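User: Please take a close look at one part of this structure for me. I am new to it, so keep the steps short.

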Amino acid sequence: MIVKHLREIVGTNHDVATDNWSSRRLLLKKDGVGFSLNDTIIRKGTETMIWYKNHVEAVYCIEGQGEIELADSGKVYKITPGMLYVLDGHEKHLLRATESDMRMLCVFDPPLTGREVHDKEGAYPLVEA
């Protein structure tokens, strides 16, 4: 059994931050459960282009408000607490925190290793080892 608390992650090397977001990596590839789990804060007033071409991501909003825009179609979905979206088609998208910071729970398959940040395409690298 794995037992962790967010306070054990904050401020460690598993607390990854950029100007637009911070992601506390709760479960990682090394945990051996087949997926990773992040507690992520998207900062108010930011816009981030993301394209998880190597991963499927499921995102559940627990706090804040914003929107996700699909890059190919321009379709916009409002994000509020209780909303789930799954990027099961590897959709390139713009993520915006509009009214306030958003706190999201994010599940990745395949799992992240821990220190990933978006590359120039908005993707995380696929790490096989």
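Analyst: Start with Phe108. In this predicted model, Phe108 has 1% relative accessibility, so the residue counts as buried. The cut-off for buried is under 20%. Phe108 sits in strand S10, which spans residues 102-109.

Now look for the partner ring. A search of the whole structure finds one aromatic pair. The pair joins Phe108 to Tyr52, with ring centres 5.0 Å apart. The two planes stand at 85 degrees, so the pair is edge-to-face. Planes over 60 degrees apart earn that label.

Tyr52 counts as buried too, at 4% relative accessibility. Tyr52 lies in a loop, between strand S4 (47-50) and strand S5 (56-63). Phe108 lies in S10, so the pair ties together parts that are 56 residues apart in sequence.

Next, follow S4 into its sheet. This open sheet has four strands, in the order S4-S9-S6-S7. Their pairing is antiparallel. S4 is an edge strand, and so is S7 (76-79); each pairs on one side only. From one strand to the next, the twist averages 20 degrees.

At the S7 edge, the neighbour is S6 (residues 66-70), and four bridges link S6 and S7 in the antiparallel sense. Gly66 faces Ile79 of S7 there, standing opposite it.

Two lysines also lie over aromatic rings. Lys75 lies over the face of Tyr77, at 5.0 Å from the ring centre. Lys92 lies over the face of Trp51, at 4.7 Å from the ring centre.

Conventions
Residues numbered from 1 in each chain as written. Predicted model: local features only at pLDDT ≥ 70, side-chain atom pairs only at ≥ 80, totals over all residues. Heavy atoms only, no water. Phe/Tyr/Trp six-rings, centres within 6.5 Å; stacked < 30°, edge-to-face > 60°. Helix = DSSP H or I, 4+ residues; strand = E, 2+ residues; numbered from the N terminus. Buried < 20%, exposed > 50% of the residue type's maximum accessible area, 1.4 Å probe, protein only. Lys NZ or Arg CZ within 6 Å of the ring centre and 35° of its normal. Pairing = 2+ DSSP bridges. Axes fitted to C-alpha atoms, helices over the stretch in contact; angles between N-to-C directions.
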